[in-house]
Amino acid sequence: MTTDAAAVPDWEMRFRAPRVSLPDWAEDAPDRALFVSNATGTYELYAWDRASGRQRQVTDRPNGTTDGVLTPDGEAVWWFSDSDGDEFGVWMRQPFGGGEDEPAAPGLAPSYPAGLAIGRDGSAVIGRSTDEDGTTIHLVPTPGGEPVEIYRHRESAGVGDLSHDGTLIALEHTEHGDAMHSALRVVRPDGSTVAELDDTEGGTKELGLAVLGFAPVAGDTRLLVGHQRRGRWEPMIWDPVAGTETALPVDLPGDVGAEWYPDGSALLVEHSFEARSELWRYEPGAPEPVRVETPAGTVSGATARPDGTVEYLWSSAERPPVVRSTSGAVVLDPPGAKAPPSVPVQDAWVEGPGGRIHALVQKPAGEGPFPTVFEIHGGPTWHDSDAFASGPAAWVDHGFAVVRVNYRGSTGYGRAWTDALKHRVGLIELEDIAAVRDWSVASGLADPERLVLAGGSWGGYLTLLGLGTQPDSWALGLAAVPVADYVTAYHDEMEALKAMDRTLLGGTPEEVPERFEASSPLTYVDAVRAPLYISAGVNDPRCPIRQVENYVDRLAARGAVHEVYRYDAGHGSLVVEERIKQVRLELEFALKHLGGGAVVGAPGPEAA
């Protein structure tokens with residue numbers, strides 16, 4: 001990594017500045033923590049002994065590692081080992097204090113992960129997903145012991161949680177065939193069913209459930225779950241043994257999640273609404289929750305500590321992330337240069353064909369109209385928020401306005417908004433993006449001759465689809481790890497995403513070919529006129545490389561202006577310099593075709 005901070009432009013420093021995730025901590029050894037950091041230039045797992053202050057790097061792999069869990073006693077770290085970002089692998093186990101890695105469940109073959117819960121007695125419940133078997137869930141009774149299969153189904157499912165005493169296992173499943181709305185099942189370690197909770201009514205009703213966690217108290221069988229019964233995500237308490245459900249008077253707009261305080265006496269409530277988030281404390285039986293004060297912006301994760309304080313990861317579009325405590329302290333401050341701030345985000349509300357659309361706008365100094373990048377989020381069930389993002393900030397540094405649209409399909413605006421994109425997949429989202437595009441031009445923000453459609457994953461998919469179905473609207477496209485050929489993508493992608501596509505489109509490519517054709521960017525590739533830049537990971541299991549190559553071949557066959565960058569990783573990269581390289585290539589492509597200055601800090605030809 002570059003050490004001369006004065007020679008590094010702000011946009012690169014935002015990527016290079018050391019970052020840390022919210023530390024997770026061992027339930028029975030709260031001074032032992034695990035977090036993710038890019039301190040070495042690659043995102044890896046770190047163990048932290050809070051009592052002594054000692055930190056050490058747990059994993060060290062060329063393509064990075066982010067999936068890890070502490071055992072309840074804090075004696076070991078479990079981490080997921082895949083190959084070059086392909087997300088297909090096995091769980092490894094390493095002593096907290098350091099030592100050799102060993103397979104955590106040597107009897108299980110590699111798979112895509114489908115949840116993990118570790119018991120206090122050394123047992124573990126491991127979820128697996130493969131193309132051949134669908135979902136299987138196994139109980140490993142002792143460390144390194146022989147796994148016992150306790151669940152199997154073709155549809156997607158996953159491990160939700162394990163009760164404090166290890167006698168109850170909560171599963172999320174989609175046996176009814178709707179991958180967007182899970183049902184819940186609580187089973188014993190032998191796989192026998194204790195209770196079911198299903199709000200889909202056999203797949204005829206589109207209401208989902210989610211496991212939020214068992215009460216962290218011995219003998220307590222209460223399970224905190226998320227439900228959508230009132231048109232949004234909110235928590236309730238379900239006791240699968242007693243057969244009771246307890247509604248919670250947490251009447252906040254938007255989506256609401258929660259987790260238990262360590263003693264089970266209260267809930268830490270996370271509230272997401274209109275691209276911001278906040279925290280509340282709720283004690284069961286109380287008339288209403290109490291606000292936990294946090295700055296305006298986005299809380300990306302929070303946890304209640306045994307002493308009652310709350311630690312949370314906070315940022316805003318202007319200010320970089322920091323792990324704070326309600327005690328007023330910065331909990332974990334990585335050494336090294338800090339990320340430079342960016343500009344604050346402004347809200348825009350635009351009337352669209354399906355209702356009011358929320359967009360977030362960042363713009364450089366001066367008067368518009370500006371060249372403008374429409375940076376479209378992935379998911380699709382996700383949303384952009386008032387949170388720090390190095391990519392959009394880089395565009396602002398180079399004189400571009402950035403508009404991020406929370407189209408239909410986004411979360412945080414109620415269940416109806418999230419579920420609205422079914423069957424006309426891609427086309428509905430683009431209607432909302434088009435409405436915000438028209439507003440941006442009419443308001444004087446955006447230069448209509450220099451509009452860029454950009455995004456990664458589902459945002460990359462919408463970029464390709466938008467360039468083909470709205471060819472007169474966009475001057476340039478930047479698509480990262482996109483769905484490009486929907487039929488081929490379906491056949492090549494990981495099994496859980498096949499299930500999601502069947503839900504979104506109403507069947508397989510063989511069952512509803514007209515829907516796949518209408519929603520596939522490949523259908524419209526010959527209409528693309530804007531210069532197009534595509535980046536793709538050669539090991540990507542979500543947006544596989546073969547379907548990208550099919551699209552690129554069609555562009556090349558008619559001499560369309562395009563560039564393709566292929567990198568040796570999966571659905572994105574955990575290597576800081578690789579991320580910087582990708583943003584630099586996008587900036588260079590845009591400035592080359594739209595006009596403008598050079599990329600700040602770009603290497604000369606000898607360094608490229």
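This report describes a buried helix, two open sheets, the nonpolar cores, a pocket and some unusual backbone geometry in a predicted model.

## Helix α7 and its surroundings

Helix α7 covers residues 495–505, and because eight of its eleven residues are buried, the helix is largely enclosed by the rest of the structure. The buried positions are E495, K498, A499, D501, R502, T503, L504 and L505, so that charged residues such as E495, K498, D501 and R502 are found in this set alongside A499 and the two leucines.

The cover over these buried residues includes two strands, β10 (124–130) and β11 (134–140), together with the helices α5 (458–469), α6 (486–492) and α8 (513–519). Just after α7, the backbone at G506 adopts a positive phi of about 85°.

## The sheet that contains β10 and β11

Both strands that help to cover α7 belong to an open sheet of four strands, arranged in the order β9-β10-β11-β12 with antiparallel pairing. Its edges are formed by β9 (112–118) and β12 (148–153), each of which pairs on one side only, and the twist from one strand to the next averages 15°.

Within this sheet, the antiparallel strands β10 and β11 are joined by seven bridges, and R128 has T136 in β11 as its bridge partner.

## A second sheet of four strands

Another open sheet has the order β21-β22-β23-β24, again with antiparallel pairing. Here β21 (255–260) and β24 (290–292) are the edge strands, each pairing on one side only, while neighbouring strands are turned by 30° against each other on average when direction is ignored.

Strand β23 (residues 276–282) runs antiparallel to β24 and is joined to it by three bridges; at this junction L279 stands opposite V292 in β24. The loop between β22 (267–273) and β23 holds E274, which has a positive phi of about 50° although it is not a glycine. With a relative accessible area of 27%, E274 is partly exposed.

## Nonpolar cores

The largest nonpolar core has 55 residues, of which F374, I433, I534 and Y551 touch the most other members. Helix α5 supplies the largest share of this core, with six residues. Apart from this core lies another of 40 residues, among them W395, V396, A454 and A590.

When residues up to four places away in sequence are not counted, the contacts of F374 include V403, V405, I433, V436, L451, V452, L453 and W474. F374 also touches R437 and S440, as well as A454, a residue that is listed among the members of the other core.

## The second largest pocket

The second largest pocket has a volume of about 280 Å³ and is lined by 20 residues, with P320, P321, V322, D333 and K338 lying nearest its centre. Two or more lining residues come from each of β26 (310–315), β27 (322–325) and β28 (330–332), and β27 gives the most, with three residues.

## Unusual backbone geometry

Most residues other than glycine have a negative phi, and most peptide bonds are trans. Against that background, the bond from G368 to P369 is cis, with omega near 5°, and P369 lies in the loop between β30 (355–362) and β31 (370–376). A cis peptide bond also joins G379 and P380, with omega about 0°, and P380 is placed in the loop between β31 and α2 (390–397).

S457, a residue other than glycine, has a positive phi near 60° and lies in the loop between β33 (446–456) and α5.

Technical notes:
Residues are numbered from 1 along each chain as its sequence is written. This is a predicted model: local features need pLDDT of at least 70, side-chain atom pairs count only at pLDDT 80 or more; totals for chains, interfaces and linings use all residues. Side-chain values use heavy atoms; hydrogens and water are left out. Buried means under 20% relative accessible area, exposed over 50%, partly exposed in between (1.4 Å probe, protein chains only). Contact means heavy atoms within 4.5 Å. Two strands pair if DSSP finds at least two bridges between them. Axes are lines fitted to C-alpha atoms, for helices over the stretch in contact, and angles run from 0 to 180 degrees between N-to-C directions. A nonpolar core is a set of buried Ala, Val, Leu, Ile, Met, Phe, Trp, Tyr and Cys residues joined through side-chain atoms within 4.5 Å. On a 1 Å grid over the protein atoms alone, a cavity is a set of points where a 1.4 Å probe fits but cannot get out, and a pocket is an open set with protein on both sides within 12 Å along at least five of seven lines; lining residues have an atom within 4 Å of a point. Grid points are joined across faces, edges and corners, and a volume is the space filled by probe spheres set on the points.
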